[in-house]
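Here are a few exercises to work through with the model open beside you. Take them at your own pace, and try each task before reading its solution.

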Amino acid sequence: MAGVSGCIKYSMFIFNFLFWLCGILILAVAIWIRVSKDGQEVLTSGDSDANPYVAVNILIAVGAVIMVLGFLGCCGAMKESRCMLLLFFIGLLLILLLQVAAGILGAAFKSQTQRILNETLYDNVKLLSTADESGKSFQEALSEFQEEFKCCGLVNGAADWGSNFQQHYKSCECTDTSGSSCTTYDNKSVYKQPCISLIKDLVAKHILVVIGIAFGLAVIEILGLIFSMVLYCQIGNK
């Protein structure tokens with residue numbers, strides 16, 4: 001029995017150490033997104049009243065909570081503290097339930113999320129042709145996106161740039177010798193494809209990555225629940 005208990009204890013410690021590392025990773029990535037300039041221009045542009053950092057702030061909170069729970073689980077396993085193990089079990093169960101609820105809500109409001117993204121992108125078209133400082137950051141962000149993904153404009157192609165086209169056309173200048181992906185606008189050869197579909201595809205890929213990470217975390221959480229409850233019961237039987 002002592003051998004089995006020791007095996008469970010160290011297995012519990014290993015899983016919770018991994019859980020703690022996951023918390024550090026989530027926290028580090030969320031903080032990096034929060035302070036980094038990469039992608040912020042696209043998120044903060046437009047007239048939307050919604051705070052684009054809400055999801056990032058939630059990730060920071062989740063990462064911090066996971067770190068605390070991982071610490072409780074590690075200490076509870078090594079010290080064989082029923083109190084710490086019980087707190088760990090309750091906290092982990094609540095996080096798992098919140099993940100399930102978030103997944104259900106995400107599936108239920110998937111179409112609405114896609115509609116909001118679509119509306120935001122269409123609203124941001126006017127920022128490309130403006131000469132105000134309010135649109136400069138978005139214009140720079142889209143210029144970088146055009147150069148990397150070989151597209152031009154947001155919705156209607158190069159025409160979206162309006163009077164700013166000559167200033168930014170270099171980022172979407174098409175050098176395809178076959179000409180199949182090129183079109184001519186204002187005497188310049190530019191990419192025919194607008195960027196909106198590529199942005200949507202990129203967002204969809206990132207969502208799949210998030211779903212994969214959430215599924216992996218759920219597996220670790222379930223294992224942590226099982227190990228913590230078995231160890232909790234075994235300590236109580238001593």
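**Exercise 1. Buried or partly exposed?**

Classify Phe 145 by its relative accessible area, then do the same for Phe 149.

Solution. Keep in mind that this is a predicted model. Start with the cut-off: buried means under 20% relative accessible area, and partly exposed lies between that and 50%. Phe 145 has a relative accessible area of 13%, so Phe 145 is buried. Phe 149 comes to 30% relative accessibility and therefore counts as partly exposed.

**Exercise 2. Two rings in one helix**

Find where Phe 145 and Phe 149 lie in the chain, and work out how their rings are arranged.

Solution. Begin with the sequence: both residues belong to helix α7, 4 residues apart, which is about one turn of the helix. Next, count the pairs: the model has 4 aromatic pairs. For Phe 145 and Phe 149, the ring centres are 4.3 Å apart and the planes stand at 25°, so this pair is stacked. The step rests on the cut-off that planes under 30 degrees apart count as stacked.

**Exercise 3. How does α7 meet α9?**

Describe the packing of helix α7 against helix α9, and name the residues that meet.

Solution. First, the geometry: α7 (residues 136-149) and α9 (residues 196-237) pack at about 85°, and their axes are 11 Å apart. That angle makes α7 roughly perpendicular to α9. Now look at the side of α7: Leu 142, Phe 145 and Phe 149 make the contact, and they meet Leu 198, Ile 199 and Leu 202 of α9. Finally, sort the residues by class: the contact has 6 nonpolar residues, with no polar and no charged ones. Phe 145 and Phe 149, the stacked pair, are thus among the residues that meet α9.

**Exercise 4. A ring pair across elements**

Which elements hold Phe 165 and Tyr 185, and how are their rings set?

Solution. Start with the residues themselves. Phe 165 is buried, at a relative accessible area of 1%, whereas Tyr 185 counts as partly exposed at 29%. Their rings pair edge-to-face, 4.9 Å centre to centre with 80° between the planes. Phe 165 is in helix α8 (residues 165-168) and Tyr 185 in strand β1 (residues 182-185), so the pair links distant parts of the chain, 20 residues apart. To finish, widen the view: ring pairs link Phe 165, Tyr 169 and Tyr 185 into a cluster.

**Exercise 5. A charge over a ring**

Which ring does Arg 82 lie over?

Solution. Arg 82 lies over the face of Tyr 232, 3.9 Å from the ring centre.

Note on methods
Residues are numbered from 1 along each chain as its sequence is written. This is a predicted model: local features need pLDDT of at least 70, side-chain atom pairs count only at pLDDT 80 or more; totals for chains, interfaces and linings use all residues. Side-chain values use heavy atoms; hydrogens and water are left out. Axes are lines fitted to C-alpha atoms, for helices over the stretch in contact, and angles run from 0 to 180 degrees between N-to-C directions. Angles under 35 degrees count as roughly parallel, over 145 as roughly antiparallel, 65 to 115 as roughly perpendicular and the rest as oblique. Contact means heavy atoms within 4.5 Å. Ala, Val, Leu, Ile, Met, Phe, Trp, Tyr, Cys and Pro count as nonpolar, Asp, Glu, Lys and Arg as charged, and the others, Gly among them, as polar. Rings of Phe, Tyr and Trp (its six-membered ring) pair if their centres lie within 6.5 Å; planes under 30 degrees apart count as stacked, over 60 as edge-to-face and the rest as tilted. Buried means under 20% relative accessible area, exposed over 50%, partly exposed in between (1.4 Å probe, protein chains only). A charge sits over a ring if NZ of Lys or CZ of Arg is within 6 Å of the ring centre and within 35 degrees of the ring normal.
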